Amino acid sequence: MAPFFAGLDAEAYDRAYSDRALAARMARYFGRHGRRLVVAGLAVIAMAIAGAASPVVVARGVDQLAISQATSGLTGLVLLFLALGLILWGGNWLRRRLTSRTVGDVMLSLRQDAFAAATSHDLSFFAEYPSGKIASRITTDTQEFAQVVVLLADLAEQMVEATILFFVLLSIEPALVPWLLGVMPIFFLTALGFRHLARAVTRRGMRAMANVNGAIKESVSGIMVAKNFRQERRMYGEFAEINRTSYRVNIRRGFVLSLVFPVLNALAGAAIAILVYVGGWNVAAGIITAGAWYLFATSLDRFFFPILNLSAFWSQIQAGLTAAERVFALIDAESRVRQVDPQPVPRLKGEIRFEGVTFEYKAGEGVLRDLDLYVRAGEDLALVGHTGAGKSSIAKLIARFYEFQAGRLTLDGRDIRSLDLRQYRRQLGIVSQSPFLFSGTIAENIRYARPDAGDEEILRLARRVGDGEWLETLPAGLETVVGERGARLSMGQRQLVALLRVLVQRPAIFILDEATASVDPFTESQIQEAVSLILAETTSIVIAHRLWTVRSADRILVLQNGQIIEQGDHPALLAQGGHYAELYNLYFRHQSLEYVESARRLALGEGTSAG
């Protein structure tokens with residue numbers, strides 16, 4: 001059992017909804033289209049009346065033939081039967097048109113709400129849950145929900161028809177109704193007995209499918225790495241195992257759900273046989289007419305058909321309910337980053353203060369411990385330290401991507417939790433270690449931070465970097481298409497575009513995680529120039545990987561195990577001969593001109609002696 005369901009556990013934000021809660025939640029979405037649903041409901045009632053009247057018309061014809069043996073009165077019944085068929089056709093066309101439009105609108109709203117909920121979550125949410133599984137809820141699950149709504153509309157029409165026919169039977173021959181009612185509870189109890197089991201296996205099936213989607217997304221995103229290390233076969237094997245798990249889970253799901261229809265079908269066969277026998281015995285005894293018996297026999301199928309349909313499509317119904325449950329769980333998931341009072345944010349000066357801040361990504365795994373830090377407005381602060389020292393964590397807390405567990409963080413003297421996040425982040429410029437570019441042109445990516453920026457402004461900013469010489473290396477200048485994730489540009493060019501995207505934004509606070517990727521000296525100098533343009537106008541937090549950054553910083557913080565162990569400018573820290581001096585010799589010294597020159601002289605000297 002364990003291997004079957006490995007990796008199919010519910011996400012931490014998943015929750016179980018009762019059928020009543022799901023119905024109420026769905027009703028809120030459909031309630032926005034009340035007028036359309038009323039017309040569709042009237043069409044369903046008209047179809048149900050026409051469908052229920054059809055066997056009554058045939059029954060009257062049978063009675064007429066049995067009594068008079070004449071066919072003269074059948075013409076009117078045939079015309080009436082034809083009219084009922086036209087009503088059925090017209091009502092079905094109108095109902096399906098309105099239902100499809102309503103379901104499409106509801107699915108549109110549901111997807112928008114799910115996407116908005118996903119994008120509003122903090123980064124810890126995406127760090128914990130694979131993006132492929134989140135995408136599966138927004139796309140696949142909303143589609144499953146839409147399909148089950150259409151199916152339920154069909155079943156509703158059949159149930160209304162059966163209800164109308166029941167009252168027709170009650171008025172024509174009440175003696176046979178108790179026999180019909182006697183067998184109905186058996187069907188309902190049997191169908192309900194499968195409900196919990198069906199929901200459970202359907203949940204596992206959808207989680208398995210989400211795992212498949214997640215594996216596909218991760219494989220496509222990492223295909224370059226896989227090819228570089230020749231791991232295509234391993235990637236395929238991992239996907240094949242996940243796919244096989246999904247296959248086994250869904251086979252078991254299909255087996256469980258396929259039991260419902262045969263069981264109810266067998267019960268229906270036995271019930272119909274008994275009821276037809278009872279009806280035939282009453283005709284033979286002269287208790288009821290042949291037409292009434294025909295109407296009774298036909299009604300059995302009309303009664304049992306919706307129930308059998310309900311069982312036949314039980315898997316789709318459970319899939320739709322489970323899909324709705326998963327989508328609503330995504331929408332209802334609470335963000336860990338909470339603003340207590342989203343107040344408007346004026347232009348910031350950029351004064352930042354950490355007061356006893358403690359932060360951990362996971363419970364018990366502390367990253368920052370009782371951190372005190374003051375950053376003056378306009379100061380250029382460089383953060384250095386080994387991997388895991390807490391450099392990126394400080395930047396992420398300033399960006400409000402994560403929630404800290406204790407202490408206080410203020411901007412210009414105001415608690416960061418009291419700021420309107422949207423307005424605050426408009427004044428925040430961030431360039432990550434691996435800058436992300438969207439498909440489109442360079443100009444569109446630069447304008448992403450400020451859609452109202454004109455072409456002339458963007459071109460003017462681009463020319464401020466190296467007098468615009470970097471533009472000459474591009475085939476179409478600012479209109480060059482960058483490709484997916486900027487794949488058509490070099491890493492240095494991507495960094496320049498990302499820096500210009502921040503520069504056009506004119507932020508009050510700038511956060512830079514310098515890339516460690518090697519670039520040519522020409523691009524390196526242009527990146528330095530672009531960074532300098534931003535540093536001149538902002539409070540800057542730079543996670544330093546380059547020597548020129550730490551040399552030019554107003555102050556350098558040396559972090560170790562989430563605490564500040566040294567701080568000062570570059571010459572002062574080197575003179576101390578402490579941890580910074582060790583980091584300098586390990587990470588920065590080889591970038592200095594003096595080191596390069598000494599290495600060159602050493603190489604020449606070795607070459608001379610060897611000769």
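The following paragraphs go through a predicted model of a protein, from its overall make-up to its sheet, its cores and a few individual residues.

The protein contains 23 helices and ten strands. Of its 611 residues, 46% are buried. Contacts that link distant parts of the sequence are frequent: among those between residues at least 6 apart in sequence, 79% join residues at least 24 apart.

Confidence comes next. The mean pLDDT of the protein is 78, with 80% of the residues reaching 70 or more. Residues 1-8 stay under 50, although the model gives this stretch 17 contacts beyond four places in sequence. Residues 607-611 also have pLDDT below 50, and this stretch has zero contacts in the model beyond near neighbours in sequence. Where pLDDT is low, the predicted coordinates should not be read in detail.

The sheet can be followed strand by strand. Six strands make up an open sheet with mixed pairing, and their order is β6-β7-β8-β3-β9-β10. Its edges are formed by β6 (428-431) and β10 (563-568), each of which pairs on one side only. On average, and with direction ignored, neighbouring strands of this sheet are turned by 20 degrees against each other. At the β6 edge, β6 runs parallel to β7 (residues 509-513), and four bridges connect the two. One residue pair here is G429 with F510, the latter being the bridge partner in β7. Helix α22 (residues 579-588) packs on the sheet, where it touches β3 (380-384), β9 (555-560) and β10. The direction of α22 makes about 95 degrees with that of β9.

The nonpolar interior includes two separate cores. The largest has 36 residues, and those with the most contacts inside it are I352, F354, I394, L397, I398, Y424 and I509. Strand β2 (residues 365-375) gives the most to this core, contributing five residues. Y424 shows how this core draws on separate parts of the sequence: leaving aside residues up to four places away, Y424 touches V345, L348, I398, L411, I416, L419 and I509. The second core, separate from the largest, has 34 residues, among them I442, L496, V502 and L533.

Helix α13 (residues 391-398) supplies part of the covered interior. Six of its eight residues are buried, and the helix is therefore mostly covered, buried meaning under 20% relative accessible area. These six are K391, S393, I394, A395, L397 and I398. I394, L397 and I398 are also among the residues with the most contacts inside the largest core. After α13 comes R400, which has a positive phi near 65 degrees.

A last stop is T142, which lies in helix α5 (residues 131-172). Is T142 buried or exposed? Its relative accessible area is 0%, so T142 counts as buried. Not counting residues up to four places away in sequence, T142 touches M107, L110, R111, R137 and V327. With R111 there is also a polar contact, side chain to side chain, at 2.7 Å. The T142 side chain further reaches the backbone oxygen of T139, at 2.9 Å. The side chain of this buried residue thus has polar partners in both R111 and T139.

Note on methods: Residues numbered from 1 in each chain as written. Heavy atoms only, no water. Pairing = 2+ DSSP bridges. Axes fitted to C-alpha atoms, helices over the stretch in contact; angles between N-to-C directions. Contact = heavy atoms within 4.5 Å. Core = buried A, V, L, I, M, F, W, Y, C linked by side-chain atoms within 4.5 Å. Buried < 20%, exposed > 50% of the residue type's maximum accessible area, 1.4 Å probe, protein only. Polar contact = N/O pair within 3.5 Å; in protein donor to acceptor, adjacent residues only side chain to side chain. pLDDT = per-residue confidence, 0-100.
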